[in-house]
Amino acid sequence: MPVSSDQNQWKNKYNELLAQWDEKEGKASEMISIMQRLVTRVSLAAEGQNRSLDSDLKELRSLLRATGTSPRQLTQQLERIEKRVLELDEARNASIEVLGEMAQLVERRAGGDAAPVADGAPVEERRSRKPSLFGRLLAGLSSDTKQAAPVSAKPASITRKSSASGSSFDSLPPGMLSTDLDATPSTPGLSAFGEHVQKTLLHLLSSMTLPDSAVRDLEKAREKILAGASDSELMLLLDEVAALVIAALGKGQRDFETFLRSLDDRLSGIHAFITEAHKHQEEALGSKQSFRKAIKDQVSTIQSDVAEADSLSHLQASVRTHLDSLITSLDAFVEHEDQREQTLLSSLASLKVKTAELESQTAELKIRLKEERNRALTDGLTGVPNREAFETRILEEFERWSRYRNPLTVAVCDIDLFKRINDSYGHLAGDRVIQIVAKELAKRLRRTDFFARYGGEEFVIIFPETKLEAAEVALEKMRKVVSELPFHFRGEQVQVTVSFGVTEFTEGDTRQSAFDRADGAMYSAKDNGRNAVVAAS
């Protein structure tokens, strides 16, 4: 039975709707996967606040990874977590109230402050009253005013270069790679945010290329930061650094504009030389044609004279006259060619000089562009390659693996309980931990391996031409080394550990699927006690 046009139309429309539904379903699945990863990462970042909350967060991650988890189970688990968070906030507020009362009691007994103002007192009286000790203590919580205590044992100092990543840590400020977490005391009056700004400004200043006129200003700004600037002083320094950044950008732009103008001049010179050479070539062609015609005319005349000559003496005189004309024409042609050749050689010599200058400037520009590219692909804190560099390298390795099918393994590493390190010892201490861990991991890899900081406290490693089992052995050694690093804070040893997830590329893999598998294995390592290497196949 023939199919009508209406049936075909409805069939096509059905197929289009089905394709749209499949596309939307795929996007929804991808979004759900991203949300699951996001919730997992946030839950790991929130660990360390309360044991019961940690247990509930771990259960939430298990539900997210399990297949067949119902929305009702997730809702119930989220309600439990919300209840834990509220209980934690209430307990923290209660502790703060108790501490406040104790602080006021101590002040009254010590005769420091007057009795607390009653809640019903006038607003002006409450405002004019000197802040209590507890108020000052709370205000000081945002500023790390503690001075470094002497440490009895000498911590290890790491100064060697990494051969695996090809990056140097020697350019970092002194003490930045010490395993003593309180080796660099905080500046009085400087908040955790101020410390972060201070560190960022130092990295920014160290990576800028400035004109000679601004180098002195750069050194002054660096000295002010290293001398210890308060939050208010850092605000003023931000303006100075902004001016230096503008100067650096202006210098780069001016240098590039100068190069372009020079390039334009050189290209104009080359164009003029080519035009002149073409003109000389046309003149040479015309000169040759004229010379050829002159010779031909003289030879034809000689032939006519020979045929018409009635005596030998008359023939000799005629031939001699025409030969003199040929010699004159030849001399004129040779002289003209010599002049043209000299002019051409002179232009060619000038072109060689300009070309050499252009090549020199081009080589210098290539070096600068390479330096800028390397800087853009290098992590400012650790000196190892950054995420962008990883994306470039994994693409190259994936294409090589797709073509030759040689083994390719990728690993994801994360510092365990890093948030607790930041909260307990400060952001500068956390930065030093990242630097030292990166240093220790990078220097234990082969030159053919690739190591990068993926972001935050997370690192990635590419093992080309390496089977999963061999990579596991290498990672286990690295895990052990990190766990034995002698970190100290105020004389007390602090253990820092890392968790690894590793996988080998298999048939049908994409770059993202392999990375996600390694990432999932890393979170499995964290869920199972941390400080471990978990392989996924």
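Start by selecting R530, which sits in the loop between α14 and β7 (533-536), where helices (H or I, at least four residues) and strands (E, at least two) are DSSP runs numbered from the N terminus. R530 has a positive phi of about 65° although it is not a glycine. With a relative accessible area of 23%, R530 is partly exposed; here buried means under 20% relative accessible area, exposed over 50%, and partly exposed in between, with a 1.4 Å probe and protein chains only.

Before going on, note that this is a predicted model, in which local features need pLDDT of at least 70 and side-chain atom pairs count only at pLDDT 80 or more, while totals for chains, interfaces and linings use all residues. Residues are numbered from 1 along each chain as its sequence is written, and side-chain values use heavy atoms, with hydrogens and water left out.

Colour the whole chain by secondary structure next, and 14 helices and 7 strands appear. Of the 537 residues of the protein chain, 33% count as buried. Among contacts in the protein chain with a separation of 6 or more, 70% come from residues 24 or more positions apart, contact meaning heavy atoms within 4.5 Å.

Now select D527, which belongs to helix α14 (residues 511-527). D527 counts as buried because its relative accessibility is 9%. Which residues is D527 in contact with, leaving aside its neighbours within four places in sequence? They are K58, R61 and R65.

Move from there to helix α2 (residues 51-65), whose 15 residues reach 21 Å from the first C-alpha to the last, close to the 21 Å expected at 1.5 Å a residue; the expected span of a helix is 1.5 Å times one less than its number of residues. Show the side chains of L53, D54, D56, L57, L60, R61, L63 and L64, which are buried in α2.

Within α2, centre the view on L64, which counts as buried at 14% relative accessibility. Leaving aside its neighbours within four places in sequence, L64 is in contact with Q36, V39, T40 and L74. A C-alpha to C-alpha distance drawn from L64 to L74 should read 8.1 Å, for a pair 10 residues apart in sequence.

From L64, step across to Q36, a residue of helix α1 (residues 5-45). Is Q36 buried or partly exposed? At 30% relative accessibility, Q36 counts as partly exposed. A second distance can be drawn here, from Q36 to R61, which lie 25 residues apart in sequence and 8.4 Å apart in space, C-alpha to C-alpha.

Select residues 348-375 next, where UniProt, in an unreviewed entry, places the feature "coiled-coil region"; UniProt positions are given in the numbering used here, feature names are shortened, and annotations may be inferred rather than shown by experiment. In the model, the chain over residues 348-375 is 100% helix and 0% strand, with its end C-alpha atoms 40 Å apart.

Continue along the chain to L417, found in the loop between β1 (408-415) and α11. Phi of L417 is near 50°, a positive value in a residue other than glycine. L417 counts as partly exposed, at 26% relative accessibility.

Finally, show helix α11 (residues 418-425) together with helix α12 (residues 427-442), which pack at an angle of about 140° with their axes 6 Å apart; axes are lines fitted to C-alpha atoms, for helices over the stretch in contact, and angles run from 0 to 180 degrees between N-to-C directions. That angle makes α11 oblique to α12, given that angles under 35 degrees count as roughly parallel, over 145 as roughly antiparallel, 65 to 115 as roughly perpendicular and the rest as oblique. To see the contact, display F418, I421, N422 and Y425 of α11 with H427, A429, G430, V433 and I434 of α12. These contact residues divide into 6 nonpolar, 3 polar and no charged, where Ala, Val, Leu, Ile, Met, Phe, Trp, Tyr, Cys and Pro count as nonpolar, Asp, Glu, Lys and Arg as charged, and the others, Gly among them, as polar.

Stay on α12 for the last view: 15 of its 16 residues are buried, so α12 is largely enclosed by the rest of the structure.
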